[in-house]
Amino acid sequence: MVFPMSARCSARLLSRSLRYGGRLALGGPSRALSWPLTARASAASSSSSNDGVRAPDTSLFVPLPVPPAAPGPEGDVGAELTRPLNKSEALKILNKFYKRKEIQRLGSENGLDARLFHQAFISFRKYIMESNYLSPDIHIILNDICCGAGHVDDLFPFFMRHAKQIFPMLECMDDLRKISDLRLPPNWYPEARAIQRKIVFHSGPTNSGKTYHAIQRYLAAKSGIYCGPLKLLAHEIFQKSNDANVPCDLVTGEERVCVDSEGRPAAHVACTIEMCSVTTPYEVAVIDEIQMIKDPSRGWAWTRALLGLCAEEIHVCGEAAAINLVTELMYTTGEEVEVRNYKRLTPITVLDEALESLDKLRPGDCIVCFSKNDIYSVSRQIEARGLECAVIYGSLPPGTKLTQAKKFNDPDDPCKIMVATDAIGMGLNLSIKRIIFNSLVKPTVNEKGEKEMDTITTSQALQISGRAGRFSTVFKEGEVTTMHRDDLLLLKEILNKSVDPILTAGLHPTAEQIEMFAYHLPDATLSNLIDIFVSLSQVDGLYFVCNVDDFKFLADMIQHIPLNLRARYVFCTAPINKKQPYVCTSLLKFARQFSRNEPLTFDWLCRHIHWPLTPPRNIKDLVHLEAVHDVLDLYLWLSYRFMDMFPDATLVRDIQKELDDIIQIGVLNITRLIRASQTTSGTVTVPDDFPLQRTTISEGMLNAEDLPQETLPSGMKAQGQRRGRGPKAMSSRPGEAQMDTRGRVQGALAARLIQQGLLTKEMLKQLEDEWLAHHNGEASDSSENRGPSTFKGKKRK
């Protein structure tokens with residue numbers, strides 16, 4: 001069907017009138033365009049109203065696919081009104097449109113930077129060229145331009161319409177900015193703002209009694225809440241309160257303990273800081289370790305507690321470095337801060353000599369390492385000297401940590417040495433006389449979420465050193481030193497520095513904020529929503545947005561599983577270590593089962609973890625049991641958020657206690673596990689303080705470099721690298737073994753290897769046999785091919 005020219009023109013005019021709101025500027029290609037001018041004015045107005053607002057990171061904007069249009073029941077109306085579109089002419093028009101500086105400037109004024117403009121154009125061009133049908137309005141405009149009756153700029157409204165289809169955030173950018181505006185956090189807590197709170201800052205170093213005084217006020221109050229960074233600390237206050245006949249409940253992410261037999265909440269509660277209620281009124285609240293408000297991952301929890309707790313008195317405990325920040329934050333709420341300063345109750349001394357040898361250990365010593373491998377290496381060396389040692393590191397269950405601490409503290413127990421990570425810095429009362437830093441380098445995570453190896457900070461050094469000579473222990477004075485001589489001067493420098501003041505407090509997007517984002521961007525993934533939120537977020541100088549990499553990692557991992565947004569958000573906030581594959585896999589299975597609306601029963605969980613489990617036979621088994629314990633923690637954590645889907649929390653807690661006992665058996669026998677691991681893998685790790693020195697090669701002596709390397713235990717293979725630290729570190733000079741004329745290992749080297757547990761007699765015998773076989777084979781080859789010669793350890797080809 002072909003319309004007469006007058007009808008075609010009328011249709012064309014009608015289409016333009018609809019698109020341009022009835023304002024048509026007739027004429028040829030040089031005419032001015034009403035829509036772009038209007039849009040330009042609007043954009044300029046919007047731009048002026050957003051002065052000072054940072055531009056979003058548009059690399060986070062993921063374009064949505066727009067499928068080619070399908071014709072409606074009326075058919076291809078555009079082609080009927082005009083003519084079929086010449087795609088080759090249309091392509092030329094589109095490319096010309098893209099190159100126009102005026103169009104690029106208009107795009108920028110409407111929210112399209114160079115990146116978005118390019119992506120939007122590629123999608124727009126693909127849509128035009130691949131569609132067998134176009135809507136009548138754009139079909140008519142394209143035909144007009146091809147016929148010379150329109151201007152290429154006429155495409156801009158249709159281009160912007162398409163850009164907003166693939167980038168829906170352009171349509172609602174102002175709303176997104178308002179949702180992600182984090183500049184007034186105090187206003188998020190109306191209950192706290194409705195009362196006038198008294199803020200008391202208890203400032204002092206470790207072992208100064210600051211927390212003790214805050215807790216005394218907490219116990220004397222009619223109602224109170226204690227907020228601590230660790231489950232161990234929450235358990236300790238829970239126990240102290242009830243021992244003092246002050247009924248107290250316990251609330252952690254994985255556990256709820258109600259002291260009332262009928263389940264009524266007690267007036268006092270001890271909790272991990274993430275679990276504190278900001279709507280329940282209390283007389284007294286205690287926020288412990290306030291300096292963690294700067295933590296790049298968890299700082300938001302301290303900010304939330306400080307601004308949001310609804311208590312008449314807030315007692316804040318921590319380092320003096322946080323006083324100014326807390327004072328400034330409270331200024332924004334109209335509340336004053338009373339500072340109470342405390343001094344250390346017992347003296348502590350930095351020694352003038354490093355330990356240098358484990359032979360110098362004495363009762364009450366604690367060697368602090370910053371990696372599990374160092375823990376394993378040092379503990380084995382200690383027990384090879386006939387000494388027992390307790391072991392504490394971060395991934396051990398709380399029950400195992402407490403058992404090891406009790407063993408170390410018990411005056412009747414022969415265990416008087418401890419090997420630990422900085423996990424002892426909080427939450428454990430230990431009877432330590434001397435802290436020995438095995439190293440001063442610790443893996444850390446920077447503000448970008450990147451892992452770095454860096455020297456410990458003054459704050460960390462003070463926190464760890466302060467565990468020595470604590471008040472109420474058998475040691476009335478504390479001592480601090482290092483394992484290595486060249487670390488001691490650095491330690492003194494670190495401890496003599498003043499702690500840098502804390503300048504900012506952490507914030508984190510809430511589930512409600514992300515839900516509002518998702519309302520505007522329903523097709524975006526949760527990970528992408530978080531990225532855009534952080535990109536658009538505005539914070540004032542007192543705050544920073546906490547690192548969300550762990551959240552995004554879990555969001556990406558479970559993205560393919562069909563979950564509603566609230567459930568997805570909860571799964572992504574689960575407190576798990578993303579470096580543990582078994583735990584991450586378990587979370588994935590939990591989410592998948594949850595998505596099917598199938599309850600995760602006790603029997604299902606037992607099949608997943610292969611319960612019952614046996615005591616570990618080597619270190620790999622112990623690490624796996626620790627991961628299983630974390631999986632049970634994950635189940636319990638989810639059970640308090642989805643009670644119907646995780647119904648067997650009581651049964652799971654029972655087997656978790658059994659698992660804790662099994663892990664304790666492993667830790668008590670940790671040196672045997674290390675030995676079994678090394679025997680199984682055929683490797684021996686040579687410690688730092690065991691020098692393998694090269695001496696003159698004379699008759700009956702052989703340099704370890706000349707031994708066949710494949711026959712040597714891996715820890716003894718000659719290396720010419722610089723001496724390092726840690727379990728894999730080697731001497732700067734390759735090792736040597738003494739041999740008699742028959743090739744048997746003799747002298748102090750073999751004796752020390754066996755004494756320290758680095759070699760067994762069976763391994764030594766195997767080493768001798770392999771070397772003799774190699775020696776005989778080389779001698780035979782030499783006599784056949786070249787005649788007699790002196791053996792120089794030539795490797796077999």
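Which residue forms a salt bridge with Lys-231? The close-ups below come from a predicted model, and the first one takes up that pair.

**Close-up A. Lys-231 and Asp-633 join up across the chain.**
The partner is Asp-633, and the closest N and O atoms of the two sit 3.2 Å apart. This pair links distant parts of the chain, with Lys-231 in helix H12 (residues 231-243) and Asp-633 in helix H25 (residues 619-639), 402 residues apart. Buried or exposed, how does Asp-633 count? Asp-633 counts as buried, because its relative accessibility is 13% and the cut-off for buried is under 20%. Lys-231 is partly exposed, with a relative accessible area of 24%.

**Close-up B. Glu-313 pairs with Arg-217.**
Here's another of the 32 salt bridges that the structure holds. The closest N and O atoms of Glu-313 and Arg-217 are 3.0 Å apart. Glu-313 belongs to strand S7 (residues 311-318) and Arg-217 to helix H11 (residues 210-220), so this salt bridge ties together parts that are 96 residues apart in sequence. Glu-313 is buried at a relative accessible area of 15%, while Arg-217 is partly exposed at 25%.

**Close-up C. Asp-621 and Arg-617 make a salt bridge, and Glu-102, Arg-105 and Glu-109 form a network.**
Between Asp-621 and Arg-617, the closest N and O atoms are 3.3 Å apart. Arg-617 counts as exposed, with a relative accessibility of 61%. In the other part of this view, salt bridges link Glu-102, Arg-105 and Glu-109 into a network.

**Close-up D. Lys-433 is buried with no salt bridge.**
Look for Lys-433 in the loop between strand S12 (417-420) and strand S13 (434-437). How far away is the nearest side chain of opposite charge? That side chain belongs to Glu-479, and it is 4.1 Å away. A salt bridge has to fall within 4 Å, so the pair doesn't count as one. What the Lys-433 side chain does reach is the backbone oxygen of Glu-477, at 3.4 Å. Leaving aside neighbours within four places in sequence, Lys-433 is in contact with Pro-363, Gly-364, Ala-468, Gly-469, Phe-475, Glu-477, Gly-478 and Glu-479.

**Close-up E. Strand S5 is largely enclosed by the rest of the structure.**
Why say enclosed? Because 5 of the 5 residues of S5 (residues 268-272) are buried. In a regular strand, side chains alternate between the two faces of the sheet. Here His-268, Ala-270 and Thr-272 point one way, and Val-269 and Cys-271 point the other way. Which strands run parallel to S5? Strand S2 (residues 224-228) is one, joined to S5 by 5 bridges; strand S3 (residues 248-251) is another, joined by 4 bridges. To get your bearings, find Gly-224 opposite His-268 and Leu-250 opposite Ala-270.

**Close-up F. Helix H14 has a buried face.**
Which residues of H14 (residues 323-333) are buried? They are Ile-323, Leu-325, Val-326, Leu-329, Met-330 and Thr-333. Down the helix axis, these buried residues fall within an arc of 165°, so they line one face of H14. Flip to the other side of H14 and you'll find Asn-324 and Tyr-331 exposed. The cover over the buried residues includes helix H10 (190-193), strand S1 (198-203), helix H13 (299-308), strand S8 (337-341), strand S17 (505-507) and strand S18 (543-545). After H14 comes Gly-334, with a positive phi near 80°.

**Close-up G. Helix H5 also has buried residues on one face.**
In H5 (residues 101-109), the buried residues are Ile-103, Leu-106 and Gly-107. They fall within an arc of 100° seen down the axis, so they line one face of the helix. Gly-111 follows H5, and its phi is positive, near 95°.

**Close-up H. Gln-404 is buried in helix H16.**
H16 covers residues 398-409. The relative accessible area of Gln-404 is 2%, so this residue counts as buried. What does Gln-404 touch, not counting residues up to four places away in sequence? Ala-390, Val-391, Ile-392, Met-418, Val-667 and Leu-668.

Definitions and conventions:
Residues numbered from 1 in each chain as written. Predicted model: local features only at pLDDT ≥ 70, side-chain atom pairs only at ≥ 80, totals over all residues. Heavy atoms only, no water. Buried < 20%, exposed > 50% of the residue type's maximum accessible area, 1.4 Å probe, protein only. Helix = DSSP H or I, 4+ residues; strand = E, 2+ residues; numbered from the N terminus. Pairing = 2+ DSSP bridges. Lys, Arg positive; Asp, Glu negative; His and termini not counted. Polar contact = N/O pair within 3.5 Å; in protein donor to acceptor, adjacent residues only side chain to side chain. Contact = heavy atoms within 4.5 Å. Arc of directions from axis to C-beta.
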